[in-house]
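Subject: Structure handover

Hello,

Here is the structure you are taking over, followed by notes on what was found in it. Please read the notes with the model open beside them.

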Amino acid sequence: MSAAAVPAFTPETDPLDVIRWAVAEFPGLRMPSAFNLNGVILLDLAVRAGYRGKVVFVDTGFHFPETLATRDRLAARYPELSFVTVNAGAHPDDGLTAPDLYAADPDACCAARKVQPLQAYLKAHNPPALLNARSRDQASTRADIPFVEPGARVKVNPLAHWTRERLEAYAREHDLPVSPLYFSGFLSVGCWPCTRAVRPGEDARAGRWAGRGKTECGLWAGEARL
Ligand code: SF4
């Protein structure tokens, strides 16, 4: 898809309109999710906008139990959607990587446990576009993301312009099953060895790979991005 084919959305465009456009434009649209606050809200909006496709989660083997429980609560709440877990049942000693690779080389660990499994899934199913929950105010590295990133596999980011306050208000208003970790300061949750609670004044993703010079897992940035 070329940039010229993207509607003239503005920052005020309702995310529902962005999702409705994506659903109509891209049969086969799929939604990867890690079930963070943004992901939970995108799921709810997507159902309201008519999305009835798959929600794809990669089990790295290092997820918090609360994350897996949130996935299961969402699957029960939205029977219209089909939840897929790639590498279901993964665990630290499964031999996919050395159990402590996350400490020695987190880029290699993310590549093996998260990026490559999802890339393999996408290669097998070849969706034309992905619905993604990133928003600009999550981190300075995401400050410029548009509603639509054209390319061979289009990324549609309906929440690009929503602030954390707006997301939290939406979750409250709709009584969404946000992970309890969020309310303990884990504003962005990845794997347990690589996530800490956020401190006052930090951005939402500051607790991810803190102190390791790493800010993204590689799904949405870097050479192997989706
Ligand atoms: S977040 Fe940490 S444990 Fe999870 S895949 Fe990446 S490096 Fe490994």
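Which residues does C109 touch, not counting residues up to four places away in sequence? They are T97, L101 and Y102. Please keep in mind throughout that this is a predicted model.

The ligand and its surroundings

C109 is found in helix α5. With 24 other C-beta atoms within 10 Å, C109 is buried; the cut-off for that is 20 or more. C109 also belongs to the surroundings of the ligand, where 13 residues form the shell and P106, C109, C110, C191 and C194 are the closest. Helix α5 supplies five residues, the largest share of that shell. By type, the shell holds nine nonpolar residues, two polar ones and two charged ones.

An unreviewed UniProt entry places the feature "binding site" at C109, C110, C191 and C194. These positions span 86 residues in sequence, but no two of their C-alpha atoms are more than 10.9 Å apart, so they gather at one spot.

C194 sits in the segment after α6 (164–173). It counts as buried, with 20 C-beta neighbours inside 10 Å. Setting aside residues within four places in sequence, C194 is in contact with Y102, P106, R208 and W209. Y102 is also among the contacts of C109.

W209 lies in the segment after α6 and is buried, having 22 other C-beta atoms within 10 Å. Beyond four places in sequence, W209 touches P106, C194, K214 and T215. The C-alpha atoms of W209 and G190 are separated by 9.1 Å, with these positions 19 residues apart along the chain.

The annotated active site

For "active site", UniProt lists C217, again in an unreviewed entry. C217 lies in the segment after α6. Is C217 buried or exposed? It counts as buried, with 26 C-beta neighbours inside 10 Å. Not counting residues up to four places away in sequence, C217 touches C110, K114, V115 and G190. Of these contacts, C110 is also one of the "binding site" positions in the UniProt entry.

The nonpolar cores

In soluble globular proteins, nonpolar side chains tend to be buried together. Here the largest nonpolar core has 45 residues, and the members that touch the most others are I19, L42, A46, L131 and V156. Two or more residues each come from α1 (15–25), α2 (37–48), β2 (54–58), α5 (106–125), β4 (129–131) and β6 (154–156). Of these, α2 gives the most, with seven residues.

A46 shows how the contacts run: beyond four places in sequence, A46 touches I19, M31, Y51 and L131. A second, separate core has five residues, including L181, L187, V189 and A204.

L187 leads on to Y182, which touches L37 and L187 when residues up to four places away in sequence are left out. Y182 is placed in the segment after α6 and counts as partly exposed, with 19 C-beta neighbours inside 10 Å. The C-alpha atoms of Y182 and E66 are 9.9 Å apart, although the two residues are separated by 116 along the chain.

The strands

Strands of a sheet pair through backbone hydrogen bonds, either parallel or antiparallel. How many strands form the open sheet, and in what order? Three strands form it, in the order β4-β6-β5, with mixed pairing. β4 and β5 (148–149) are at the edges with a single partner strand each, so one side of each has no neighbour in the sheet. β4 and β6 run parallel and are joined by three bridges. L130 stands opposite K155 in β6.

Elsewhere, strand β1 (residues 31–32) pairs with β2 in the parallel sense over two bridges. In that pairing, P32 stands opposite V56 in β2. Four of the five residues of β2 are buried, so β2 is largely enclosed by the rest of the structure.

That completes the handover.

Regards

Technical notes: Residues numbered from 1 in each chain as written. Predicted model: local features only at pLDDT ≥ 70, side-chain atom pairs only at ≥ 80, totals over all residues. Core = buried A, V, L, I, M, F, W, Y, C linked by C-beta atoms within 7 Å. Buried ≥ 20, exposed ≤ 12 C-beta atoms within 10 Å, placed from the backbone. Contact = placed C-beta atoms within 7 Å. Pairing = 2+ DSSP bridges. Near = placed C-beta within 6 Å. Nonpolar A, V, L, I, M, F, W, Y, C, P; charged D, E, K, R; others polar. UniProt positions renumbered as here; feature names shortened; annotations may be inferred.
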